[in-house]
Amino acid sequence: MANIVVMGAQWGDEGKGKIVDLLTTDVAAIVRFQGGNNAGHTLVVNGKQTILHLIPSGILHPGKKCLIGNGVVLDPFVFCQEMDKLAASGIDVSPARLMISKKTQLIMPYHRAIDGARENFKSGSDKIGTTGRGIGPSYEDKVARIGIRAADLADEPLLRRKIEKALVEKNALLTSLYGQEPLSAEQIFNDLLPVARRLVPYLGDVSSAIQDLSAQGILFEGAQGTHLDIDHGTYPFVTSSNTVSGNAAAGSGCSPRMLDRIVAIVKAYTT
């Protein structure tokens with residue numbers, strides 16, 4: 001069975017979710033490999049609309065494994081909300097079906113605060129139209145090697161220390177540059193703790209899961225589109241990750257040789 005990458009060939013919103021849903025029947029697992037909850041894949045199954053921002057579109061197909069790769073930035077609160085909505089519709093969202101890479105970076109409340117404050121601080125043509133969901137600041141912390149990874153959710157003392165350390169810089173920016181109120185490390189930690197404990201059973205080695213299931217077919221689900229790629233898109237009006245097909249390997253932890261087929265989705269007209 002071929003391993004397939006589905007990606008957008010324009011600026012996103014090409015209808016990737018529908019194609020992923022169509023191709024999911026031929027594979028064993030679906031992987032998100034970049035972006036965060038700035039993505040939005042809309043599916044209509046049996047007349048019922050489902051919009052997914054983080055969880056791979058294959059979740060609507062029973063028995064399919066859905067994986068969140070290391071290239072994703074994951075908002076743990078949004079992820080839990082999405083799981084709850086799916087569970088309320090009778091969809092199995094147990095750890096038997098869902099796995100988050102231990103290497104996945106987390107979007108924290110201070111990332112969202114910085115994202116919104118920074119955009120509001122700009123004026124006119126300087127604005128880049130961010131979604132304000134903390135995607136860019138989370139990737140910034142990843143590159144600066146100060147980010148919080150999903151694996152850190154399992155070590156509560158470490159998690160607390162990382163939040164406290166991060167807020168030294170974030171609060172300096174929020175108060176001194178952007179004129180915002182400082183954030184409380186204690187409040188962030190206490191709010192995150194129940195979510196962390198809920199997500200720990202979902203943590204795993206996505207690279208190994210891909211290797212184990214590759215003979216049965218893997219579908220790599222891209223978000224946004226080629227022209228929003230941080231390197232190859234219409235910079236600076238782009239997203240904060242590499243959206244091109246080549247990133248499917250790096251963003252999920254597998255060899256590029258595993259990418260057998262690339263399916264680029266194009267709109268009939270650009271909006």
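This note goes through a predicted model point by point, from its domains and sheet to its cores and salt bridges.

1. Domains. The chain is divided into two domains: domain 1 covers 3-104 + 201-265, and domain 2 covers 107-200. Their C-alpha centres lie 23 Å apart. At the boundary, 30 residues of domain 1 are in contact with 24 residues of domain 2.

2. The sheet. Seven strands make up an open sheet, and their order across it is E9-E7-E5-E2-E10-E1-E11. The pairing is parallel. Strand E9 (203-204) and strand E11 (261-265) each have a single partner strand and stand at the edges, so one side of each is left without a neighbour in the sheet.

3. Strands E1 and E11. Strand E1 takes in residues 4-8 and runs parallel to E11, to which five bridges join it. One of the bridge pairs is Val6 with Val263 of E11.

4. Val6 and its surroundings. Val6 is found in strand E1. Is Val6 buried or exposed? At 0% relative accessibility, Val6 counts as buried. Leaving out residues up to four places away in sequence, Val6 touches Lys16, Ile19, Val20, Leu23, Leu219, Phe220, Glu221, Gly222, Val263 and Ile265. Val263 thus appears both among these contacts and as the bridge partner of Val6. Val20 is 14 residues away from Val6 along the chain, and the C-alpha atoms of the two are separated by 6.9 Å.

5. A helix across the sheet. Helix H7 spans residues 206-213. Which strands does H7 lie across? They are strand E2 (29-32), strand E5 (65-68), strand E7 (98-101), E9 and strand E10 (218-221). Relative to E5, helix H7 runs at about 145°.

6. The largest nonpolar core. This core has 36 residues, and those that touch the most other members are Ile59, Phe79, Met83, Leu98, Ile100, Ile163 and Leu199. Two or more residues come from each of E5, helix H2 (76-88), E7, helix H5 (156-177) and helix H6 (185-199). H6 gives the most, with seven residues. The core draws at least three residues from domain 1 and at least three from domain 2.

7. Ile163 and a second core. Beyond residues up to four places away in sequence, Ile163 touches Met108, Ile148, Ala185, Ile188, Phe189 and Leu192. Apart from the largest core lies another one, of 18 residues. Its members include Val31, Met99, Val206 and Leu259.

8. Salt bridges: Glu14 and Lys16. The structure holds ten salt bridges. One of these is formed by Glu14 with Lys16, and the closest N and O atoms of the pair are 2.9 Å apart. Both partners are buried: Glu14 has a relative accessible area of 9%, and Lys16 has one of 3%. Lys16 is also among the residues that Val6 touches.

9. Lys162 and Asp152. These two residues form a salt bridge, with their closest N and O atoms 2.9 Å apart. Lys162 lies in helix H5 and Asp152 in the loop between helix H4 (135-143) and H5, so the pair ties together parts that are ten residues apart in sequence. Lys162 is partly exposed, with a relative accessible area of 27%, while Asp152 is buried, at 8%.

10. Glu156 and Arg197. In this salt bridge the closest N and O atoms are 2.8 Å apart. The pair links distant parts of the chain, with Glu156 in helix H5 and Arg197 in helix H6, 41 residues apart. Glu156 is partly exposed, with a relative accessible area of 24%. Arg197 counts as exposed, at 51% relative accessibility.

11. The network at Asp141. A network of salt bridges links Asp141, Glu169 and Lys170. Asp141 lies in helix H4 and is buried, with a relative accessible area of 3%. Which residues are in contact with Asp141, leaving aside its neighbours within four places in sequence? They are Tyr110, His111, Ile146, Gly147 and Lys170. Lys170 therefore figures both in this contact list and in the network.

Definitions and conventions. Residues are numbered from 1 along each chain as its sequence is written. This is a predicted model: local features need pLDDT of at least 70, side-chain atom pairs count only at pLDDT 80 or more; totals for chains, interfaces and linings use all residues. Side-chain values use heavy atoms; hydrogens and water are left out. Two strands pair if DSSP finds at least two bridges between them. Helices (H or I, at least four residues) and strands (E, at least two) are DSSP runs, numbered from the N terminus. Contact means heavy atoms within 4.5 Å. Axes are lines fitted to C-alpha atoms, for helices over the stretch in contact, and angles run from 0 to 180 degrees between N-to-C directions. A nonpolar core is a set of buried Ala, Val, Leu, Ile, Met, Phe, Trp, Tyr and Cys residues joined through side-chain atoms within 4.5 Å. Buried means under 20% relative accessible area, exposed over 50%, partly exposed in between (1.4 Å probe, protein chains only). Domain bounds come from an automatic or database domain assignment. A salt bridge is a side-chain nitrogen of Lys or Arg within 4 Å of a carboxyl oxygen of Asp or Glu.
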